[in-house]
Amino acid sequence: LGFGLFPMQLTLLIALTSIVLQLTPVQSLSMSYRGGRGRGGSRGGGRGGGRGEYYKNKYGRGGGRGRGRSDDTPRIASGGGSYSDLINCLERLDGKSYGAYHDLDTPLDRGWVNSEFGFSLFVERAQSDPFAAPTRCRIIIDKAKAAFPPSLYSNRIRSMALSDYLLRALHANCKKLGADEAMGGKGWSGPKGGDMQVLEPCQHVLEQSAVRVDENGNVVVQMSVNLPARGRNILGFAAKEIFSKTLPSMIGKSLLHKSLQAQNLQNHVDSIEDQCWLQTELPSKNLIAFLRNGAVLPRISGVDDRPMNSKTAVPFESPKRLEVSFRLPNAGTTVTGMGIPKGISLICGGGFHGKSTVLQALQVGVYAKIPGDGREFCVTSPNAMKIRAEDGRNIQSCDISSFINNLPFGKDTSCFDTADASGSTSQAANIVEVSHWYQYMYIRSCWILGLFKLGSRFAMAVVSAFGSRE
């Protein structure tokens, strides 16, 4: 609808919609189970122990054979304090019903503070059942204790690289300590849980929220802990072992600057920044991709993205006529390799000669790689997109006449429809749809800019007239 309106009218529409939403009472939708014949005879009434914490968690705490009360009111987290308070709480909970783990829940601004290791532990919502999803925990390590030099997180790229290095260290130590292994079972009544899960990193360096360093130098970690139990009773002393020994040990060995190899950390951050810099330099030489000489492009297997053994793999070597060089700002060295120019390039050759290997390296070239991956400084334009044939896909109202004409039965390709596309028509449609997506994003950004420029005064007038709400 907005594309048919001027920015001023679009602003009016948004403002009026916002007012209507503020003035319309919104009924909270309860997921509670209200049905069932309780032992007391009425719906939601009667006595009984309910349907178990798992189903109460999933469907609500309303009726059935429960006590007839609803759980629409959100639980107020009351945990938090010193770390000794946390340990005392876990000892007190030993042997109690699993739902008592909610005593660990903390508000967003008050956690369990460990002064020795300089971190605060926040438990957003403890799991209500040992078979439910693990408890999500957030850990904030104070910048004074983490003590990372500001130069390692001075910009977005370096902060991303530092966060990636810390995630790899934390994941490695989690596995080394055996913290990712759950307790052995013995059936329903046996011990279970007790494992800690950290996001497993890949060969690429990506922005993620499992471990990140904020602009002030604090380290923020998000991980999950499967709180231990026997049957549906709390194993408080096993949980105490996790939070008093295992977790501080992981933090001390992985997330403090003094515990890490400073030179390896510096090289990791510098390498990632150099790779991202190289991406930005491609347009200056009219290139869309670059593959360095000596790169190890083959992988161990289709399901293992680590590099193939260097004794088996053949290092990449560029044709002389396509060689270009760049001087890296951090490393201070020159990297040489094959530059792929803008336009149409065809890769051909005999079987088992590496055509697909090169294409696979190019399609992941939009991401920086960790040092030692083999594909470092094999980069592609960040706007690149992989297109492939998708036989059998559905196509609706797509103009592929630039690629294909004169189809059988006089089928129109300027507004092409099919429920079972061929390889060529599907690939043509994919290319057209990508170009339309970029056009849409460009137009959308222009409309948003126009909205703010032309409609800001009117929007402010509407807010002033009807009031605003935080």
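This report walks through a predicted model of a protein, from the overall numbers down to a few chosen spots.

**The big picture**

Let's start with the whole chain. The protein has 470 residues, and 41% of them count as buried. Its secondary structure comes to nine helices and 20 strands. If you take the contacts with a separation of 6 or more, 68% of them join residues that sit 24 or more positions apart. On the outside, the accessible surface adds up to about 26900 Å², and carbon and sulfur atoms own 55% of that.

**Rings meeting rings**

The structure holds three aromatic pairs. One of them brings together Tyr83 and Phe119: the ring centres are 5.5 Å apart and the planes stand at 80 degrees, so this pair is edge-to-face. Where do the two partners come from? Tyr83 belongs to helix 3 (residues 83-93) and Phe119 to strand 3 (residues 119-125), so the pair ties together parts 36 residues apart in sequence. Tyr83 is buried, because its relative accessibility is 10% and the cut-off for buried is under 20%. Phe119 is buried too, with a relative accessible area of 1%.

Tyr98 and Tyr101 make up another aromatic pair, also edge-to-face, with 4.9 Å from centre to centre and 80 degrees between the planes. Tyr98 has a relative accessible area of 1%, so it is buried. Tyr101 comes out at 0% relative accessibility, so it counts as buried as well.

**Charges over rings**

Which side chains put a charge over a ring? Here are two cases, side by side.

| Charged residue | Ring | Distance to the ring centre |
|---|---|---|
| Arg138 | Phe122 | 4.4 Å |
| Lys285 | Phe326 | 4.4 Å |

In the case of Arg138, the residue lies over the face of Phe122. For Lys285, the charged end sits over the ring of Phe326.

**Helix 8 and what it leans on**

Now have a look at helix 8 (residues 355-363), where the buried residues are Val358, Ala361 and Leu362. They cover an arc of only 100 degrees around the axis, so they sit on the same side of helix 8. And what do the buried residues of helix 8 pack against? Their partners are strand 12 (287-292), strand 16 (334-341) and strand 18 (379-380).

Strand 18 is home to Thr380. With 7% relative accessibility, Thr380 counts as buried. Setting aside neighbours within four places in sequence, Thr380 is in contact with Gln279, Leu282, Ile288, Ala289, Leu362, Gly365 and Val366. Leu362 in that list is also one of the buried residues of helix 8.

**A little sheet**

Elsewhere you can find an open sheet of three strands, in the order 5-10-11, with antiparallel pairing. Strand 5 (191-192) and strand 11 (233-234) are the edge strands, and each of them pairs on one side only. Strand 10 (residues 229-230) joins strand 11 in the antiparallel sense over two bridges. If you want a spot to look at, Ala229 stands opposite Ile234 in strand 11.

**A loop residue to finish**

Last stop: Ser209, found in the loop between strand 7 (204-205) and strand 8 (211-213). Is Ser209 buried, partly exposed or exposed? Its relative accessibility is 44%, so Ser209 counts as partly exposed. Ser209 and Val221 are 12 residues apart along the chain, and their C-alpha atoms are separated by 7.5 Å.

How values were computed
Residues numbered from 1 in each chain as written. Predicted model: local features only at pLDDT ≥ 70, side-chain atom pairs only at ≥ 80, totals over all residues. Heavy atoms only, no water. Helix = DSSP H or I, 4+ residues; strand = E, 2+ residues; numbered from the N terminus. Buried < 20%, exposed > 50% of the residue type's maximum accessible area, 1.4 Å probe, protein only. Contact = heavy atoms within 4.5 Å. Areas by Shrake-Rupley, 256 points an atom, 1.4 Å probe, with all protein chains shown as cover. Phe/Tyr/Trp six-rings, centres within 6.5 Å; stacked < 30°, edge-to-face > 60°. Lys NZ or Arg CZ within 6 Å of the ring centre and 35° of its normal. Arc of directions from axis to C-beta. Pairing = 2+ DSSP bridges.
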